Amino acid sequence: MKLAVWTYEGPPHVGAMRVATALDGVHFVLHAPQGDTYADLLFTMIERRDHRPPVTYTTFQARDLGTDTAEIFKRAAADAVARFAPDALIVGASCTAELIQDDPGGLTRALGLSIPAIPVELPSYQKKEHWGASETFYQVVRKLAAPADGAGADETRTGKAGTKDAAARRPTCNLLGPTALGFRHRDDVTEITRLLESLGVEVAVVAPLGAKAADIARLPDADFNVVLYPEIAETTAAWLERTWRQPAVRTQPLGVAGTRAFIAEVAALCGLDPEPVLAREGSRLPWWSRSVDSNYLTGKRVFVFGEANRAAAVARVAAHEMGFEVVGVGAYNREFAREIRAVAAELGVEPLLTDDYLEVERTIAALQPELVLGTQMERHIAKRLRIGCAVISSPAHVQDYPARYAPQLGFEGANVLFDTWVHPLAMGLEEHLLAMFREDFEFNDAAGLSHLGAAAPAATAPEPAPLASGTTDPASGGRWTPEAEAELAKIPFFVRGKARRNTEAFATARGLALIELDTLYDARSHYARSH
């Protein structure tokens, strides 16, 4: 653990809260001191939920440490069952309560409750939020959907589904992974459910979001599972695969290509014809990304950072469907580092695997992208560096839980991606006008950035501070004269970094140690001819 102003993930008990809050009729008793009781703020303020999360805290205090804290937990668990009458109970300890080793699982068993009690071990000093959510979901499913004693997987599944003729019924599936505080999970579920229904596949259970204990118990009845969010659902899907021999679809339906691949995989698994659905895909992204002003999208330098699986999928859409140049891709959850390394190798960039936002900021400043696709953290970083940003992953803040329908997955999700990603960019015509009127009082650098919503200029510029006359740029070996630096400052902010890089590359290629005004003009002419 380390002290930080920002953090991408909370401790694992926050992940457990996300699963418990997503479930219906399941209560979570958390052994925690005063100060760890912030679930209401997370879910009611950020996600705008209209009801409190189903979490009871033991809220022991410092003076209780000299007494029997185990008795405090037992009393809180019994009171929660009596008051809320849940169908199942999840119990665990926060990072602080973990140190006193009261064993919530053993204490709950001693109560002899009439409902299923599901203990979750949450090693707060080794694991983080996504792991906590994944482990909690896995333990809930393993407890409530375990095979009957003495029955094999095939026998149990055949007995449950035997009332229908397998050849006559529609294929069924479960959507696994959506949780509370998930980035656009609510709308993604709606979009993918519609997509599957148009293909002829019925969604049996969505879990954990909106699922009751009885719904979890019937997960094995479906023909296959769809892993919507691997960070949450992969462990559970693998267990269902081993225990119940349920295949899983793991293709991420993000972007048009991802959605088409997802449809093809589902259709192949179910023996269905995907062509009618593919023929009416309805996404505007392919045509719009080809038809808009080419300066608007093509070649724009983009940096991607977020949850590993989402960041990898977003990087592919940015490069292959939007025409962006992906200059960096990374993730904060190392459990899925392989996916980030794979997409980085595919795109020819260096992967960034870190949960240190300061390292992310240094990387963005060095790469000088024109657009950042990231989390709420990167939104703040991009504002400081005066770069456009769109949020594509959790952690997200309240403005990224919109009232409107705004999925990220499926064909409609591809439309949302297009609209969201291009909005922070300056269009080609806008670039031309800003360059034309750069001396105007409204359009100069000191006026701030209207398309980023800034009322005043940021304290720092996106490009490195200009070098003093006669000094050497360590990256290029060139030196800038004051006249060349002054002319560079007249170039609009959103292309100034590119102009600096091109000029220094031009000078280095010709062995010029000093970058003068004429060098800047010659470089501009050279790159204008080459394009």
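**Exercise 1. In this predicted model, determine which strands helix α3 lies across, and place them in their sheet.**

Solution.
Step 1. Helix α3, residues 69–84, lies across β1, β2 and β3 (88–93). Its direction is at about 160° to β1.
Step 2. The sheet is open and has 4 strands, in the order β2-β1-β3-β4, with parallel pairing. Its edge strands are β2 (55–57) and β4 (117–119), each of which pairs on one side only. Averaged over neighbouring strands and with direction ignored, the turn of one strand against the next is 25°.
Step 3. Strand β1 (residues 26–31) runs parallel to β2 and is joined to β2 by 3 bridges. Within this pairing, V29 stands opposite T56 in β2.
Step 4. Another helix, α5 (residues 129–144), lies across β3 and β4 and runs at about 140° to β4.

**Exercise 2. Establish how many residues of helix α1 are buried, and what covers them.**

Solution.
Step 1. Helix α1 spans residues 12–22, and 11 of its 11 residues are buried, so the helix is largely enclosed by the rest of the structure.
Step 2. Among these buried residues are H13, M17 and R18.
Step 3. The cover over the buried residues of α1 includes β1, α2, β2, β3, α5 and α7 (185–199).

**Exercise 3. Describe the unit that contains helix α17, and state which way the residues of β13 point.**

Solution.
Step 1. β12, helix α17 (residues 376–385) and β13 form a β-α-β unit that is right-handed.
Step 2. Strand β12 (residues 371–374) is joined to β13 by 4 bridges, and the two run parallel. G374 is found opposite V391 in β13.
Step 3. From β13 (residues 388–391), G388 and A390 point one way, while C389 and V391 point the other way; all are buried.

**Exercise 4. Decide whether K300–E370 and D400–R379 join buried or exposed residues, and locate each pair.**

Solution.
Step 1. K300 and E370 meet through their side chains in a salt bridge of 4.0 Å, N to O. K300 is in the loop between α13 (294–297) and β9 (301–306), and E370 is in the loop between α16 (357–367) and β12, so the pair ties together parts 70 residues apart in sequence.
Step 2. Buried means under 20% relative accessible area. K300, at 6% relative accessibility, is therefore buried, and E370, with a relative accessible area of 16%, is buried as well.
Step 3. D400 and R379 form a salt bridge of 2.6 Å, N to O. This pair links distant parts of the chain, 21 residues apart: D400 in the loop between β13 and α18, R379 in helix α17. Both D400 and R379 are buried.
Step 4. R184, R379 and D400 are linked in a network of salt bridges.
Step 5. For contrast in burial, consider E241 and R250, whose closest N and O atoms are 3.1 Å apart in a salt bridge. E241 is partly exposed, with a relative accessible area of 31%, and R250 is partly exposed at 32% relative accessibility.
Step 6. The count for the model comes to 15 salt bridges.

**Exercise 5. Explain why R310, with D188 at 4.1 Å, has no salt bridge.**

Solution.
Step 1. R310 lies in helix α14 (residues 308–320) and is buried.
Step 2. D188 is the nearest side chain of opposite charge, 4.1 Å away.
Step 3. A salt bridge requires a side-chain nitrogen of Lys or Arg within 4 Å of a carboxyl oxygen of Asp or Glu; therefore R310, at 4.1 Å from D188, has no salt bridge.
Step 4. Leaving aside residues up to four places away in sequence, R310 touches F183, D188, Y229, L254, I392, S393, Q408 and L409.

**Exercise 6. Locate the cis peptide bonds that precede P208 and P395, and the positive phi values of R48 and A85.**

Solution.
Step 1. A207 and P208 are joined by a cis peptide bond with omega of about 5°. P208 is in the loop between β6 (202–207) and α8 (213–217).
Step 2. A cis peptide bond also joins S394 and P395, with omega of about 5°. P395 is in the loop between β13 and α18 (410–422).
Step 3. R48, which is not a glycine, has a positive phi near 60°. R48 lies in the loop between α2 (39–46) and β2 and, at 52% relative accessibility, counts as exposed.
Step 4. A85, also not a glycine, has a positive phi of about 50°. A85 belongs to the loop between α3 and β3 and counts as exposed at 56% relative accessibility.

Conventions. Residues numbered from 1 in each chain as written. Predicted model: local features only at pLDDT ≥ 70, side-chain atom pairs only at ≥ 80, totals over all residues. Heavy atoms only, no water. Pairing = 2+ DSSP bridges. Axes fitted to C-alpha atoms, helices over the stretch in contact; angles between N-to-C directions. Contact = heavy atoms within 4.5 Å. Buried < 20%, exposed > 50% of the residue type's maximum accessible area, 1.4 Å probe, protein only. Right-handed = clockwise from strand over helix to strand, strands pointing away. Lys, Arg positive; Asp, Glu negative; His and termini not counted.
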